[in-house]
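Biologist: I'm new to this one, so could you take me through a single part of it up close? Here is what I'm looking at.

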Amino acid sequence: MLVRLVFAIKKKDTQSYLEQEFSLSDVRVESYGQTKNAWQKVVQSCGDVIVVSKSLIPPPVESGIAMLNNLPENPTTVILTSADSPEEQAQLFAAGADVVLYAGTSKKNLFEAIAATVESRRQ
């Protein structure tokens with residue numbers, strides 16, 4: 001099964017690294033983090049796994065996550081947060097995020113975590 005992976009990541013170098021790593025696999029990658037109207041493009045993307053920086057989700061964040069969860073594709077949502085805070089992670093999970101990752105972790109660890117999420121979605 002071909003998985004559609006959508007990135008909307010605020011940090012350009014992180015997004016570029018992940019794009020490159022996933023381009024070597026059987027995953028179709030779309031990236032919108034550095035584009036105008038990134039949020040609207042994510043919502044219209046038909047992605048199976050959506051990786052988005054929390055800062056790119058319009059407030060209130062809870063409504064944005066609910067919007068993603070209500071898309072017809074029922075995507076797996078991965079939220080990257082700049083705060084390494086258990087409270088914030090709990091709030092994002094409570095809002096409906098499937099996965100919450102600290103954006104400050106190494107790019108390799110982000111790739112491995114997202115790759116595991118993609119594989120889980122594939123199953």
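Biologist: Let's zoom in on strand S1: in S3, which residue is the bridge partner of Phe7?

Modeller: That partner is Val51 in S3. Keep in mind that this is a predicted model. Phe7 and Val51 are one spot along a longer pairing: strand S1, residues 3–8, runs parallel to strand S3, residues 49–53, and the two are joined over four bridges. Helix H1, made of residues 12–23, packs on the sheet and touches both S1 and S2. The direction of H1 makes about 165° with that of S1.

Now for the other neighbour. S1 and S2 also pair in the parallel sense, over five bridges. If you want a place to start there, look at Val3, whose bridge partner in S2 is Val27. To get from S1 to S2 the chain goes through H1, and this β-α-β crossover is right-handed. As for how covered S1 is, five of its six residues are buried, so to speak tucked away from the outside.

Step back a little and you can see where S1 sits. The sheet is open and has five strands, in the order S2-S1-S3-S4-S5, with parallel pairing. At its edges are S2 (27–31) and S5 (99–102), each of which pairs on one side only. Neighbouring strands of this sheet are turned against each other by 20° on average, direction ignored. In general, strands of a sheet pair through backbone hydrogen bonds, either parallel or antiparallel.

Technical notes. Residues are numbered from 1 along each chain as its sequence is written. This is a predicted model: local features need pLDDT of at least 70, side-chain atom pairs count only at pLDDT 80 or more; totals for chains, interfaces and linings use all residues. Side-chain values use heavy atoms; hydrogens and water are left out. Two strands pair if DSSP finds at least two bridges between them. Axes are lines fitted to C-alpha atoms, for helices over the stretch in contact, and angles run from 0 to 180 degrees between N-to-C directions. Contact means heavy atoms within 4.5 Å. Buried means under 20% relative accessible area, exposed over 50%, partly exposed in between (1.4 Å probe, protein chains only). A crossover is right-handed if, with the strands pointing away from the viewer, the path from the first strand over the helix to the second runs clockwise.
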